[in-house]
Amino acid sequence: MASNPLEINTRITIAGWELTEQFVLAGGPGGQNVNKVSTAVQLFFDLVNSPSLPERIKEAAIRLAGRKVSKDGVLMIEANRFRSQERNREDARDRLKELILKAAEPPPPPRRKTKPTKGSVERRLKAKSGRSDVKKMRGKPSGD
C-alpha cells in the first residue's frame, strides 16, 4: 500500500489508501541487479470507485487511459524506465498525476459555424471555371 497522498492540484488530492503498489522484476538495462531485485512498479488506482475524483474527471480519465483500465475500472500504470525502485515509484505517480490533470482540463469551447466570405466564394468559382476551360482544351480538336 502506498502511504503518502498524491496531490494532483489544489482541489484534487488522492488519499494514500486508494493507491496500491506492486513491485515486479523488470527487464532491460541494469545488469545483475535487474535479475535479483524487483525494481519495476505497478501502480493500481480504482478510478470508478474513487471518492477523490468528480464524475466528469473519472469518465475523461477512463477515456484517456484506454487499455490501461480494466473492466472493473481499475487503472494500472507500470513503470520500469529506471533502475531503482524509488525512481520508478515516483515515475508511476507522476504519470498518474499527468493523466488526471489532462482529464481535469475543461472541455474545448464548441465550434462556431462560419460562412465563407463573398470574395472567397467568387475566387473559388473563378478558379473552378478556369480549370474547366484548361481541361476542355485538352480534348481532340473537332472536325469543323
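**Notebook: the core and the α2/α3 contact**

I looked up the largest nonpolar core first and found 24 residues in it, with I14, F45, L75, L96 and I100 having the most contacts inside it. The model is a predicted one. I then checked which elements give two or more residues to this core: β4 (40-46), α2, β5 (74-79) and α3. Helix α3 supplies the largest share, six residues.

I took I100 next. Setting aside neighbours within four places in sequence, I listed I8, I14, F45, L53 and I57 as the residues in contact with I100.

I turned to the helix pair. I noted that α2 (residues 55-65) and α3 (residues 85-104) pack with their axes 8 Å apart, at an angle of about 120 degrees. Angles of 65 to 115 degrees count as roughly perpendicular and those over 145 as roughly antiparallel, so I entered α2 as oblique to α3. The crossing of α2 past α3 is right-handed.

For this contact I wrote down R56, I57, A60, A61, L64 and A65 on the α2 side. On the α3 side I have L99, I100, K102, A103 and A104. By class, I recorded nine nonpolar residues, two charged and no polar for the contact of α2 with α3.

I also checked burial in α2. I57, K58, A60, A61 and A65 are buried there, and the buried residues of α2 pack against β5 and α3. I57 is thus on three of my lists: it is in contact with I100, it belongs to the α2 side of the helix contact, and it is buried.

Last, I looked at what follows α2: it is G66, with a positive phi near 65 degrees.

Technical notes: Residues numbered from 1 in each chain as written. Predicted model: local features only at pLDDT ≥ 70, side-chain atom pairs only at ≥ 80, totals over all residues. Heavy atoms only, no water. Axes fitted to C-alpha atoms, helices over the stretch in contact; angles between N-to-C directions. Helix = DSSP H or I, 4+ residues; strand = E, 2+ residues; numbered from the N terminus. Parallel < 35°, antiparallel > 145°, perpendicular 65-115°, else oblique. Left-handed = near helix turned anticlockwise from the far one by under 90°. Contact = heavy atoms within 4.5 Å. Nonpolar A, V, L, I, M, F, W, Y, C, P; charged D, E, K, R; others polar. Core = buried A, V, L, I, M, F, W, Y, C linked by side-chain atoms within 4.5 Å. Buried < 20%, exposed > 50% of the residue type's maximum accessible area, 1.4 Å probe, protein only.
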